[in-house]
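Trainee: I should like to request a close look at a single part of this model, namely chain B. Please describe how its parts meet one another and how it meets its partner.

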Amino acid sequence: MRRTTLANGLTVLIREEHTAPLASVWCWYKVGSKDERPGLTGVSHWCEHMNFKGTTNIPRDQVKGIIEQYGGSWNGYTWIDETTYLETATRDALDRMLFIESERMANCLYHPDDCESERTVIISELQGGENDPDNLLDQELTATAFKAHPYRHPTIGWLSDLETMTRDDLYGYYRRHYVPNNATLVIVGDVDADQALRRVDRYFGAIQPGAAIDRIRTREPEQTGERRLTIRKEGTTAYLKVGYHAPASTSADFFPLLVLDAVLTGAKGLNLWSSFRVPPPQRSARLYRALVERGRASSVSGSLMPTEDPFLYTVSATAKTGTPLAAVEEALLAELDVLRRDGITAAELKRAQAQLRARLVFESDSVTNIAHQLGYFETIGTLDAFIQAPARIAAVTLDDVASAARRIFPASNRTVGWFDPLPSGESLKSEV
Amino acid sequence: MDLVSNRHTSDFKLQTSARGLSPAHAVLPNGATLLTKHTTTTPAVAINVAMGAGSAADPPGNAGMTWLLSRVIDRGTALRTAADIADELDSRGITLTISVTRHLFSLVCTCLADDFEPVLALVGDILTAPSLPEEELATRKGEVLTAIRQDEDSPAVRASEALMALLYPSGHPYGRRTKGSTAVVESLVRDQLLQLHASRFAPTELTAVIVGDVERSRAADAAARVFGGWTRPAPPPLVVPASAPPAAKQRVVIPMMSKAQADIACGFVAVARKDPDYYACWLMNHVFGQYSIGGRLGDSIRERQGMAYYASSSLDANVAPGPLTIRAGVNPANVDRALASIDEEMARLVRDGITQKELDDSRRFLIGSIPRALETNAAIANFLQTEEFFGLGLDYDERLPDLLGAVTLDQANAAARRIIRPELSTVVIAGPYQG
C-alpha cells in the first residue's frame, strides 16, 4: 500500500489489486456525530445527505447517472467518528470518481430548497428506525450509558434538532469539516499507483486546507453504578440489551475483548461495512448455548466496534415468546459472571482465534471491502492496529482475556435495557 | 469544465467476454448437477448447494413446513450430533446460512480453501441425511414462533405479506407466508418434516456450486464423493399455476398506531423468468423504480418531494409469473400524497412511456455493473445457481449484454402497458394510518 500526504494535508492511501477490472474510491472525513454540539445533533449525517445534491461543477440534475454510466455503485454513511463516501466502478471510471469526490470536498451547493426537502427525508429515516423496537432500545441504551460524551446521542440526531436546524447550520458545519487536512482518500483496485497518485493531485491538489478543528474534549467519567431503563410500548416481542463501557481500538484490551466476544457470541471480524451481513459462527459460543440452546432466547448477538474513543460492548438477546425478560437477563449475567471469575479455556481461545483469522480473510474479498477497511482504521487513528490485526489476534493470551474481562464486566460498568412489549391494539381495516 | 457529460464509450461487452465465467458443468450418474469455478482472489471457497424444494412445495394447509425444516435440518444427521456440527463449523469460523425461497432450499457458506473437503462433506451430510432430533425441533420451533411474532410487529413485513396474499389468493404458493402461521408451526411434528424431506429432496433436484481457490478437478472429485452415492427417486414435478391478475382495484389498511412510519406496498402480477418479455420488463422496472436512487419513483417521492427515505420498485420474475412491487416508507401524514404520487408515476409510465435516454442509461448501468456483480466468490456462486435453476446457459454472463442490448424502446413501453395497470392496482398500507 502506498501512503502519501499532499501539501494541503490530504492523506492518500493507494493499493493495487488486479483481481478484477474494478476500482473503489472512498473519501473519509474525520467528522461524525461525536463532533456535534447540543442543538445540532444529526448535522453530520444531514450534511452527508446534502453532499449528494449537486456541486458547482455537477449540476443538480446531473448527479443522477454520473457514476451509473460506468456501471458503478455509490453510497455513503455517517457514524460516531466518521463520514465517508464511496464509488466502485470499472477502472476506467477512476477520473470520474476522483472528480466527484473533489467536488464533494470543495463545492457542494446546499441549496435552501434541497435542505428543506432533505429535512423530511431524514425525519422519515429516523421514524423508519423507530419502527424497529431493537433499534429503539439500542438508541436508549446508548443515551443512558453515556451521560457526558457525545457518543450518547444517536447519529441520526434528536427529532427537535432535525426540525429546527437551518441551512446556515448545515453549510457552516460542511465548510469547517470538509477540508483536505481532515480527510483520507483511499483507492483500491486495478490501477497503477503512480498514475493514480498523479490523478489525485490533479483533482485535489489545489483545494485549500482549512483551519484546525476545535474538537469536543469531553471524556466520559467512569460509571460508578449499574444503570437500567425499560421501554414499554406496543409490540409482540421482548428484547434485552446489556452495554458495558469498552476500550477504544487503540487500547491494549481491544483485541483480547474481540476474542472474548467471539467466545461469548461468535467472531464478527472487524469490517462493519460487510461483516455484520453474515451472522457469526456461534453455535458453540457461551451465550448462544446458555440462551438460545436452552430455549430462553431466539437469538443473541454481541457488538464490539473499533472506535476512536471508548464506546460500548453490547450484548443483545431476543426473548423467546413466553420467557420473561428477567429470566433471560439472569442467565446472561450469570454467564458473564462466570467468565469474569474463571476466564476462558485454552480450547475456546484457539477456536476464537481461528474464527477471527477466517473472518479477516472472508471480509477482504472485494476492492470495496479492502478500501473500506483501510479508510476506516486510518480515520479512527489505528491503521497500524488493523494491518497488524492477524498478529495481534494470534498474540492474545488467556491472561489477556481474563484481565480484560475483569476490567469490563463489573456490574457498576453496565447498563441494562429492556423492551417490554405492551399488547397491541391494532385492527385490520379493509376496503375493496 | 464539462466533466460530467457522458464521454465514456468503452465496450462493456468486450470486458465481460474477456472475463467470461466459463464454469465447469457436470451431471453425476444419480442426476445431481455440479458447477465449479476456480478463482484465486482469496484463499477461500464459496459453497452454494441448492435443492429444488422451496416453500412452494409446502403441503396444502401446512405453509411454513419447509421453513421449519430449514431451521432444524442442520441440527443432527445419521453421523453427527448437533454438537458435532456446531464444533465442525465454529472451529473453522464458518457460518452456514440456510435459506428458503419459493422454489429453492439452499445451504450456503464460505470456508478457507484448506477446509474445503471436510466442509463440503458436512454440507452434504446435512442435506441428504438429517435426523431432525425431537429436542432440536422443539427448540427451533420456539425460535420460529418468536420470528413470526416479530414479523407481525413490522409494518414493512406486514405490508409485503399482505400484498402477496392479495396478488396470489386462494392458497397460491406465492401468496403464502414462507414462515407460516403460529398455529401451523405449533402443530407440525417430526414425522411430517421427515416425510417432506423424503418426498422432495433427491439428487435430481440438487445443484452444487463451488467457486473459489480449489482446482476444478479437486472440487469435482470432492463433490462426486459427497453427492455421487446418494440415491433416491426423483419427486414428481411441482406445478405452480399462474395466478389470475386481480379483477378490481384493491386497497387494504393495516393500522399499527404505535409505529412511527407507514409502509406502502403496491403491486401487480408481472412475468415469469422465461417470458419472452422478461428483459424488456427488467429494463422498464429499472427505469421506473431502480436507477440511481429508486428510478422515477425515488426521484418523485424522495428527491423532489422529500416524503420518504425509500421509494422504489422491484421485479421478482419466477417459475410462474412473479410480482412487480412498489415500496415506500413515509410519515403517516404523507401517505395520501405518496399514494397519489405513485398513481401519477404509474399513469405517466403507461401514458407516455419511458424515453430512449432513460432506457439507454439503465441498460448501460446494468451491463456495466456485471464485473462488479461477479467480483466475489459468493456472488459468482449465487449467479451460477440462478443460471442453472432457470436454464439460462453456461455462457449467460457473456450473453447478458446482448440480451439487454436487444430490448427496444417499444418493447420496454409495451411491457409497462402489459404489467402496470393502475386501474387494477393492489395497495397495502401498514403503520400509523387509519385510511
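Mentor: The account below begins with confidence, turns to the two domains of chain B and a helix pair, and ends with the partner chain.

The model is predicted, and the predictor's own scores are therefore a suitable place to begin. For the complex, the predictor gives an ipTM of 0.92 and a pTM of 0.93. Chain B has a mean pLDDT of 93, and 96% of its residues reach 70 or more. One stretch of chain B calls for caution: over residues 1–18 of chain B, pLDDT stays under 50. For that stretch the model has 24 contacts beyond four places in sequence.

Consider next the division of the chain. Chain B consists of domain 1, residues 22–227, and domain 2, residues 250–431. Taken over C-alpha atoms, the centres of domain 1 of chain B and domain 2 of chain B are separated by 28 Å. The two domains touch: 31 residues from domain 1 of chain B and 32 residues from domain 2 of chain B take part in the contact.

Which elements of domain 1 of chain B give two or more residues to the side that touches domain 2 of chain B? They are strand 2 (33–38), strand 3 (44–51), helix 6 (155–167) and strand 6 (206–212) of chain B. Helix 6 of chain B gives the most to this side of domain 1 of chain B, with 10 residues. Sorted by class, the side of domain 1 of chain B that touches domain 2 of chain B has 18 nonpolar, 10 polar and three charged residues.

A pair of helices in chain B can be followed residue by residue. In general, two packed helices are described by the angle between their axes and the distance between the axes. Helix 4 of chain B, residues 116–128, packs with helix 9 of chain B, residues 216–227, at an angle of about 30°, and their axes are 9 Å apart. Helix 4 of chain B is therefore roughly parallel to helix 9 of chain B. The crossing of helix 4 of chain B with helix 9 of chain B is right-handed. From helix 4 of chain B, the contact is made by F116(B), E117(B), L120(B), A121(B) and G124(B). From helix 9 of chain B, the contact is made by A222(B), A223(B), V226(B) and F227(B). These residues of helix 4 and helix 9 of chain B divide into seven nonpolar, one polar and one charged.

Chain B also meets chain A. The contact between them takes 69 residues from chain B and 67 residues from chain A. On the side of chain B that touches chain A, the largest share, nine residues, comes from helix 5 of chain B, residues 134–152. The residues on that side of chain B divide into 29 nonpolar, 26 polar and 14 charged.

The partner may be described in the same order. Chain A has a mean pLDDT of 95, and 97% of its residues reach 70 or more. Over residues 426–432 of chain A, however, pLDDT stays under 50. The domain assignment of chain A gives domain 1, residues 2–204, and domain 2, residues 227–421. The centres of domain 1 of chain A and domain 2 of chain A, taken over C-alpha atoms, are separated by 27 Å. In their contact, 34 residues of domain 1 of chain A meet 29 residues of domain 2 of chain A. Helix 4 of chain A gives the most to the side of domain 1 of chain A that touches domain 2 of chain A, with 10 residues. By class, that side of domain 1 of chain A has 16 nonpolar, nine polar and nine charged residues.

Chain A, too, has a helix pair to examine. The axes of helix 2 of chain A, residues 94–106, and helix 7 of chain A, residues 193–204, come within 9 Å and cross at roughly 35°. Helix 2 of chain A passes helix 7 of chain A in a right-handed crossing. Here L94(A), D95(A), L98(A), F99(A) and S102(A) in helix 2 of chain A meet A196(A), R199(A), V200(A), Y203(A) and F204(A) in helix 7 of chain A. The contact of helix 2 of chain A with helix 7 of chain A has seven nonpolar, one polar and two charged residues.

Definitions and conventions. Residues numbered from 1 in each chain as written. Chains lettered and ligands numbered in written order. Predicted model: local features only at pLDDT ≥ 70, side-chain atom pairs only at ≥ 80, totals over all residues. Contact = placed C-beta atoms within 7 Å. Helix = DSSP H or I, 4+ residues; strand = E, 2+ residues; numbered from the N terminus. Nonpolar A, V, L, I, M, F, W, Y, C, P; charged D, E, K, R; others polar. Domains from an automatic or database assignment. Axes fitted to C-alpha atoms, helices over the stretch in contact; angles between N-to-C directions. Parallel < 35°, antiparallel > 145°, perpendicular 65-115°, else oblique. Left-handed = near helix turned anticlockwise from the far one by under 90°. pLDDT = per-residue confidence, 0-100.
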